[in-house]
Amino acid sequence: MINKNVLNELRQTFKQNRVIKFNNLIPRNIMDLIKKECHEALDNHGHFKDFTMNYSTRKLSVVSGQDITALKYPTLYNFAISEEVADAFRFITDNTKLKYGIQPNLFPCHINYQNSPTFHHGWHLDDAGYKLVITTLWQPGSNEKGGQVGLITNFVPDHMLLKPVKQRLLVPNSDLEIQKEASQNTEDVCNYNVNKKHIQVIDYQEDDCYFMEGRRSMHCVYPLTNNTRRVTACFSFDDVHDGSNYQESADLLYQEGDLKI
Ligand SMILES: [Fe+2]
């Protein structure tokens, strides 16, 4: 299933950048099925969320992994549990302990959807060790300024990586040159004034995928400025997963109960 020719290149890039963006690893026919099932799941189970958790505001629609059953969405399910896929990312990360994530709301995957101005997914750290995000729909619009992914790949220092999210947020990497005062060179990241030179801003198109260290990398989706549509299928891979984002409200982000979209 996986295009083995591109693995070496991605491994080198990941080693240098701690994030990779690609559109040539997953075969076309699998991508088409992933996209089809992803959009069916969104039609059937999507619900709107607007809240703040761990200093991070979130305004987007989501589908919980709990709604993505093997029977109804076999491609999403089988892709998530594929040993071939896990093997590819073990190779890319050089982490033999990597395995597919099994957290209920995140397994087999979860789906995020932004479709209106101001919709966004604020700066946050994941519980999952790694995230693979597949862009299944991305209509940029003629003058869309938002919707990019922001990423600080070295936010959490090595010695904090296994700690719960609140501790990881408390002890950011000293290399980040966090300023006391906000300025035009800084951006507010979970109440820290981080020098913008440490923030990677990554643009996407439909079919682009990215893979990053979710626990280590601070990341966000910047607010949309237009009525454009962006859908992503997000697959988790863990060597460690503590569920610490959800200590206060286990299903806050993904459980249904809010408005259907
Ligand atoms: Fe995330």
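A residue counts as exposed if 12 or fewer other C-beta atoms lie within 10 Å of its own, and as buried if 20 or more do. I'm writing that at the top of the page, with a reminder that this is a predicted model.

**Entry 1: helix 4**

I started with helix 4, residues 83–93. Which of its residues are exposed on the face turned away from the buried side? I found Glu83 and Glu84 there. Then I looked up the buried ones: Val85, Ala88, Phe89, Ile92 and Thr93. Looking down the axis of helix 4, I saw that these buried residues fall within an arc of 120 degrees, so they line one face of the helix.

Next I checked what that buried side packs against. My list has two helices, helix 1 (7–17) and helix 3 (74–81). It also has three strands: strand 7 (130–138), strand 12 (209–212) and strand 14 (230–238).

I picked out Phe89 for a second look. Skipping its neighbours within four places in sequence, I got contacts with Leu98, Tyr130, Phe211 and Phe237. Phe89 also turns up in the largest nonpolar core, which has 58 residues. It is one of the members that touch the most others, along with Cys38, Leu76, Ile111, Ala233 and Phe237.

**Entry 2: just past the end of helix 4**

Asp94 comes just after helix 4, in the loop that leads to strand 4. Its phi is positive, about 60 degrees, though Asp94 is not a glycine. Is Asp94 buried or exposed? I counted 10 other C-beta atoms within 10 Å, so Asp94 is exposed.

I came across another case in Asn191, also not a glycine, with a positive phi near 75 degrees. Asn191 sits in the loop between strand 9 and strand 10 (192–195). It has 8 C-beta neighbours inside 10 Å and therefore counts as exposed.

**Entry 3: helices against helices**

A note to self before this one: two packed helices are described by the angle between their axes and the distance between the axes.

For helix 1 and helix 4, I wrote down an angle of about 45 degrees and axes 8 Å apart. Angles from 35 up to 65 degrees fall outside the parallel and perpendicular ranges, and helix 1 and helix 4 are therefore oblique to each other. On the helix 1 side, the contact is made by Leu7, Leu10, Arg11 and Phe14. Helix 4 brings Ala88, Phe91, Ile92 and Thr93.

Then I tried helix 2 (residues 28–45) with helix 3. Their axes come within 8 Å and cross at roughly 120 degrees. That makes helix 2 oblique to helix 3 as well. I listed Ile30, Leu33, Ile34, Glu37 and Cys38 from helix 2, and Thr75, Leu76 and Phe79 from helix 3.

Which residues of helix 3 are buried? They are Leu76, Phe79 and Ala80. They cover an arc of only 100 degrees around the axis, which puts them on the same side of helix 3. I saw them packing against helix 2, helix 4, strand 4 (99–100) and strand 14.

**Entry 4: strands**

Strand 12 has two antiparallel partners in my notes. Strand 1 (residues 19–22) is joined to strand 12 by four bridges, and strand 7 is also joined to strand 12 by four bridges. I noticed Cys209 of strand 12 in both lists: Phe22 stands opposite Cys209, and Cys209 is the bridge partner of Ile134 too.

Strand 13 (residues 218–221) was next. In a regular strand the side chains alternate between the two faces of the sheet. I found Met218 and Cys220 on one side and His219 and Val221 on the other, all of them buried, with both faces covered. Strand 6 (residues 120–124) pairs with strand 13 in the antiparallel sense over two bridges, and His121 stands opposite Val221. Strand 8 (residues 149–152) pairs with strand 13 over four bridges, again antiparallel. There, Leu151 has His219 as its bridge partner.

**Entry 5: odds and ends in the loops**

Where is Val171? I traced it to the loop between helix 5 (165–170) and strand 9 (186–189). With 12 C-beta neighbours inside 10 Å, Val171 counts as exposed. Leaving out its neighbours within four places in sequence, I got contacts with Pro157 and Met160. I also checked Val171 against Asn226, 55 residues away along the chain, and their C-alpha atoms are separated by 36 Å.

Last thing: Phe107 and Pro108 are joined by a cis peptide bond, with omega about 0 degrees. Pro108 lies in the loop between strand 4 and strand 5 (110–114).

Key:
Residues are numbered from 1 along each chain as its sequence is written. This is a predicted model: local features need pLDDT of at least 70, side-chain atom pairs count only at pLDDT 80 or more; totals for chains, interfaces and linings use all residues. A nonpolar core is a set of buried Ala, Val, Leu, Ile, Met, Phe, Trp, Tyr and Cys residues joined through C-beta atoms within 7 Å. Two residues are in contact if their C-beta atoms, placed from the backbone, lie within 7 Å. Two strands pair if DSSP finds at least two bridges between them. The arc is that of the directions from the helix axis to the C-beta atoms. Axes are lines fitted to C-alpha atoms, for helices over the stretch in contact, and angles run from 0 to 180 degrees between N-to-C directions. Angles under 35 degrees count as roughly parallel, over 145 as roughly antiparallel, 65 to 115 as roughly perpendicular and the rest as oblique.
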